[in-house]
Amino acid sequence: MTSTMSEETSTLREAGDPLANWPYPPPGGWTAGDLDRLPQEGPHGEPDFFKHVELVDGALIFMSPQKRFHEYVLYGLRTSLNAQAPDHLKAVTQMDLVLGPRQRPCPDVLMIDSEVAKDRSRTAYNPDEVQLVIEVVSPESEFRDHEVKPKRYATAGIPHFWLVENNANEPVVYIYELDPVSHSYTITGIHHGRLKLTEPFPIDIDLTELPD
């Protein structure tokens with residue numbers, strides 16, 4: 001006998017499937033662990049439905065298709081940072097960062113411990129494994145990148161945060177460092193054309209000619 005929709009939903013719920021109540025969140029709301037149990041396909045077989053999703057304040061955020069500027073900056077910064085980074089650090093792109101039970105954003109670039117990066121089975125990293133977070137602002141992510149995520153990263157104790165803005169299709173990089181007293185970020189520089197820093201390690205990047 002064909003099972004009813006309610007019977008299928010009950011079976012999924014008993015199996016701990018986070019999609020059992022779709023499109024509503026699971027009982028108690030979405031958690032960071034749920035993202036590891038989501039299929040890439042959607043509830044009705046839509047391909048790559050959950051491929052680009054992050055969890056911010058308990059809400060699933062579906063990321064829009066990536067523009068060429070975004071991809072150009074991500075690749076360029078990751079390549080440049082890895083060319084200059086000390087052996088104990090490694091830059092990776094679009095890997096999740098678990099900040100708490102209901103916080104699992106997917107930063108554009110992370111600078112993590114090299115030993116941690118060797119584990120290719122990882123789906124996410126913890127704040128104590130991260131030295132730098134970089135977000136490239138797009139119109140649909142502007143509020144989260146400006147108002148929400150920096151506060152979450154600072155509270156988690158991540159020492160360095162960069163925000164990259166699009167200025168006539170050229171990157172402008174805003175540099176922030178963590179104030180350990182207030183647990184908030186303080187801006188230390190705005191870089192057009194050239195990014196030259198001493199922290200978290202000596203960095204000199206030509207922003208007008210990023211690797212492409």
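How many helices and strands does the secondary structure of the chain come to? In this predicted model, the chain holds four helices and 12 strands. Its C-alpha atoms fill a box of roughly 70 × 35 × 35 Å along the principal axes, and of the 212 residues 42% count as buried. Among the contacts in the chain with a separation of 6 or more, 49% are accounted for by residues 24 or more positions apart.

**The sheet**

Six of the strands form an open sheet with mixed pairing, and their order is β3-β5-β7-β8-β9-β10. At its edges stand β3 (89-93) and β10 (184-192), each of which pairs on one side only, and from one strand to the next the twist averages 20°. Strands of a sheet pair through backbone hydrogen bonds, in either the parallel or the antiparallel sense. Two of the pairings in this sheet, both of them involving β9, are set out below.

| Strand pair | Sense | Bridges | A residue pair |
|---|---|---|---|
| β8 (residues 160-167) and β9 (residues 170-179) | antiparallel | eight bridges | V164 and V173 |
| β9 and β10 | antiparallel | eight bridges | V172 and H192 |

Strand β9 thus offers V173 as the bridge partner of V164, while V172 stands opposite H192 in β10. The hairpin of β9 and β10 has four residues between the strands, and in this hairpin H183 takes a positive phi near 55°.

**Helix α4 and the cavity**

Against the sheet, α4 lies across β7 (130-136), β8, β9 and β10, and the helix runs at about 165° to β8. Helix α4, which spans residues 142-155, also contributes to the lining of the largest cavity, where its three residues make up the largest share.

What does a search of the whole structure find in the way of cavities of 30 Å³ or more? The search finds one such cavity, and the volume of the largest cavity is about 30 Å³. Rolling a probe the size of a water molecule over the atoms is what shows where empty space is left. Lining the largest cavity are V56, L99, Q103, P105, K149, R152 and Y153. Sorted by class, this lining comprises four nonpolar residues, one polar residue and two charged residues.

Taken together, helix α4 is a shared element of the two parts of this description, since the helix lies across four named strands, β7, β8, β9 and β10, and supplies three residues to the lining of the largest cavity.

Methods
Residues are numbered from 1 along each chain as its sequence is written. This is a predicted model: local features need pLDDT of at least 70, side-chain atom pairs count only at pLDDT 80 or more; totals for chains, interfaces and linings use all residues. Side-chain values use heavy atoms; hydrogens and water are left out. On a 1 Å grid over the protein atoms alone, a cavity is a set of points where a 1.4 Å probe fits but cannot get out, and a pocket is an open set with protein on both sides within 12 Å along at least five of seven lines; lining residues have an atom within 4 Å of a point. Grid points are joined across faces, edges and corners, and a volume is the space filled by probe spheres set on the points. Ala, Val, Leu, Ile, Met, Phe, Trp, Tyr, Cys and Pro count as nonpolar, Asp, Glu, Lys and Arg as charged, and the others, Gly among them, as polar. Two strands pair if DSSP finds at least two bridges between them. Axes are lines fitted to C-alpha atoms, for helices over the stretch in contact, and angles run from 0 to 180 degrees between N-to-C directions. Contact means heavy atoms within 4.5 Å. Buried means under 20% relative accessible area, exposed over 50%, partly exposed in between (1.4 Å probe, protein chains only).
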